Every structure is written in C-alpha cells, then in structure tokens.
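This report goes through selected elements of one model, with strands, helices and loops taken in turn.

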Amino acid sequence: MSRYDVVIIGAGIAGASLAARVAPHARVLMLEAEGQPGYHATGRSAAFWSETYGGPDIQPLSIASEPFLRDPPREMGGESFLSPRGQLFIATRADRQVLDRFAEEFTDAGVALAEVDPAARCPGLRPEWTEGLWDPTCSDIDVARLHAAYLALARRDGAELVCGAAVTGTSRNGHWRIETGAGVFEGDVLVNAAGAWADPVAQLAGAPAIGITPLRRTMVQLRVNPPAQMTLPLVTDARDRFYFKPEAGRLWLSPHDEIPSDPCDAAPEELDVAIAIDKLQTAVDWRIEAVERKWAGLRSFAPDRKPVYGFDPLVRGLFWCAGQGGFGIQTSPAASALAASMLLGTAPDPAVAHIDPATYSIRRFRD
C-alpha cells in the first residue's frame, strides 16, 4: 500500500489549490468523493471576483489573490483568469442608509466605491432604483480553467487524484489509514477540504464538529428581452435580496438565498426560482422569455463566516482547509498560500505575509 505525506479529502477549489502549493514539497494524494473534481460548489459558482464579497474579514484574502488571478505564473498557464465586469450596487431612496453603511464599511477598508446614476450603468432599471455605487474592479473568473490549472499543476509536481473515493472511515496509529469507496490509503497528514462535508469528515477522523453549515444558493439562467448585453455589470441589491450578471447573451440571476441544507447534491426548488424572478421584475422592465437553466450549490460557512485553516489541536495530524463559503474561488491563491505555509511549517508567501494566520485558524473554535 502506498503511503503519502499529505492526503487531501476533497478536490474542489480548496483541495486542488492547496495540493498545487504543497505538491512540490511533499507526496500528495487527493481523494474526491465524486466521479469528477469540482462537482459541487466549485462547478456551480456565479464566477466573479469582487473585492467586497464576503465582507471586511474576507477582503484581505481577496486583495492578496487578485494579482495572481489577473497575471498568473507561467506554470498556471500565464493567461489571466479575470475579465473586466464592474459591479453596480443599487438601492431605492428608502434604502439609501443601507448603501451608505456599506460604503462607509468598505471605504474604511480602502475600497474605491464611486457614486453613480444606476440607470446609466444598467439600462432598463426601474425608476425607483435611484441610488448606486460603482466598483470598477469586479471581474468575471474563468472558474473551470482556474480549477483545471490547479489540478494540472498539482499533478505535474507528483500529486495523485483518485475519484469515487468517498471516505467511510479513518484510524490513526502513527499515521492515518483512510478507508474509501475506492480502496484504503495511508498518509501522515489528513487534510479536511471536504466543503459541505467538512464536519462529517472531521467526525470520522475523531474531531468534534465546529458547526460548518452548508447553505443552498439558487441560480437561474434566463433569456430576456431585450437580450442581456455583455456590457452589463454585476448588479447587486444593497439589501442582498438578489444579484444578476450577463453570461453569453443570457442573464444569470440569484435571489441571494442562504437556505440551510444537509450536505448533498443540491437542487433548485421551484419556489426559489419563482422568488428570484419576482425579485428581478421589481428591479428591471425586461421581459422574461424563458427559464433556460436552473441549478443550486452549497456554500459552507463556519459560525463566524470566516474560513478555517490549520492543524486541529485535538487530533494529531488533522489539518483543516474548510468553511470557505462562496468566496473560496476568488480567494484561492491567497488562501492556499496561507494554508500551505501553516501545513508545511514554512515562511508564508510574500503575497500573504501581512495576513495573520490566527485570524482564520481552527484554534478559535478549540481554545
């Protein structure tokens, strides 16, 4: 039986990006429960980078990730994973204070938000939406290419990937023995990068759950008239009731729902799709011609909505890389660099040297 230095449970964006960082320094195995990596949250993303997404606690990871995503190293293909989009935050006059509080929160964090006429950025916006803030830095992310590049880089440096390998049990006697649907594997360090399944995987490894909660998010692809122009920005309601963006001549719409769920292959519910469409119709005067696609994904959060990295002080050799919510893709360069330095015990990458790892450490739930 082969024995690895590091066995990573989960090959979505969290596991793949960490594997790419660690593989040059250790023998790495990724175990993926599904038949292909990135099947759940990674493959169902709304695919954008926003400096404000996730709030001020997440912003340091987002900012530190942006240069990598915009100008990736040659070994990641060398071609930007970002394309300009821009983000428009909208509000009615009655909700002006909500927009002001949001602007104040992020202005203090150094985000350049400009006052704009929202109708000038989003033709077809209903006249009651008079208040707007503009973030020019928001970009689309080529999620599939980014995820594939992490996996390819990890493999190039010797990491192995086994799919159809849902973990069914673990034991530890000096090293880990991991039982899966694809066989039994051994490793010195076990990394919990299991997304919505992070707490159940931790419990299989003998660690208490920390309260990571999967929340269902609904997405709908609409054909609208007039057609969704690619020049439209990402449009976000200041009260977080909906957001939408163009995608290949169609409109991607979410009701910004966060519905607690068991870990599962999430599916959209008709009521949530109807709610999304109703919210859109309160904002724009476009005619909806067809619902072409609908899907849902699970975004998994720790109780304080910050990601969780580091060795569990209660279980030797168990490392957490979980709780990345909906911001795991856009923060993956910085998050993986930070987590890799914690796992390997090395100096942090210069891009994240200013970030205190204690902010995201598992120890905040164990002390």
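Two strands are counted as paired if DSSP finds at least two bridges between them. The model is a predicted one.

**Strand β13 and its partners**

By that definition, β13 pairs with β17 (residues 259-260) through two bridges in the antiparallel sense. In this pairing arginine 216 faces isoleucine 259 of β17. Strand β13 itself covers residues 213-225. It also pairs with β18 (residues 287-301), again in the antiparallel sense, over 13 bridges. Here arginine 223 stands opposite alanine 290. A further antiparallel partner is β16 (residues 250-254), joined to β13 by three bridges, and glutamine 221 is placed opposite tryptophan 252 of that strand. The pairings of β13 are set out below.

| Partner of β13 | Bridges and sense | Opposed residues |
|---|---|---|
| β16 (residues 250-254) | three, antiparallel | glutamine 221 and tryptophan 252 |
| β17 (residues 259-260) | two, antiparallel | arginine 216 and isoleucine 259 |
| β18 (residues 287-301) | 13, antiparallel | arginine 223 and alanine 290 |

How much of β13 is buried? Of its 13 residues, 10 are buried, and the strand is mostly covered. In a regular strand, side chains alternate between the two faces of the sheet.

**Backbone features after β13 and around its partners**

Most residues other than glycine have a negative phi, and most peptide bonds are trans. Three places in this part of the chain depart from that pattern, and they are taken in sequence order.

The peptide bond between asparagine 225 and proline 226 is cis, with omega of about 5°. Proline 226 belongs to the loop between β13 and β14 (234-237), while asparagine 225 falls within the residue range of β13, 213-225.

Histidine 256 is not a glycine, yet has a positive phi of about 55°. This residue sits in the loop between β16 and β17, two strands that both pair with β13. Its relative accessible area is 18%; buried means under 20%, so histidine 256 counts as buried.

Arginine 305, also not a glycine, has a positive phi of about 65°. It lies in the loop that connects β18 with β19 (308-311). Is arginine 305 buried, exposed or partly exposed? With 36% relative accessibility, arginine 305 is partly exposed, because that class lies between the 20% and 50% limits.

**A sheet of three strands**

An open sheet is formed by three strands in the order β3-β8-β4, and the pairing is antiparallel. β3 (48-49) and β4 (82-84) are the edge strands; each has a single partner strand, so one side of each lacks a neighbour in the sheet. β4 and β8 (residues 139-141) are joined by three bridges and run antiparallel. Within this pair, serine 83 is opposite aspartate 140 of β8.

**Helix α1 and its two packing partners**

Helix α1 (residues 13-22) packs against helix α5 (residues 143-156) at an angle of about 40°, the axes being 8 Å apart. The two helices are therefore oblique to each other, and their crossing is left-handed. From α1 the contact takes in Ile13, Ala16, Ser17, Ala19 and Ala20; from α5 it takes in Leu146, His147, Tyr150, Leu151, Leu153 and Ala154. Sorted by class, this contact has nine nonpolar, two polar and no charged residues.

Helix α1 packs with α8 (residues 332-344) as well, at about 55° and with the axes 9 Å apart. This pair is therefore oblique too, but the crossing of α1 and α8 is right-handed. On the α1 side the contact involves Ile13, Ser17, Leu18, Arg21 and Val22, and on the α8 side Ser332, Pro333, Ser336, Ala337, Ala339, Ala340, Leu343 and Leu344. The class count here is nine nonpolar, three polar and one charged. Ile13 and Ser17 of α1 appear in both contacts.

**Valine 111**

Valine 111 is located in the loop between α3 (96-107) and β6 (114-116). Is this residue buried or exposed? Its relative accessible area is 4%, so valine 111 is buried. Apart from neighbours within four places in sequence, its contacts are Glu51, Thr52, Gln59 and Phe106. Threonine 170 is 59 residues from valine 111 along the chain, and 45 Å separates their C-alpha atoms.

Terms used: Residues numbered from 1 in each chain as written. Predicted model: local features only at pLDDT ≥ 70, side-chain atom pairs only at ≥ 80, totals over all residues. Heavy atoms only, no water. Helix = DSSP H or I, 4+ residues; strand = E, 2+ residues; numbered from the N terminus. Axes fitted to C-alpha atoms, helices over the stretch in contact; angles between N-to-C directions. Parallel < 35°, antiparallel > 145°, perpendicular 65-115°, else oblique. Left-handed = near helix turned anticlockwise from the far one by under 90°. Contact = heavy atoms within 4.5 Å. Nonpolar A, V, L, I, M, F, W, Y, C, P; charged D, E, K, R; others polar. Buried < 20%, exposed > 50% of the residue type's maximum accessible area, 1.4 Å probe, protein only.
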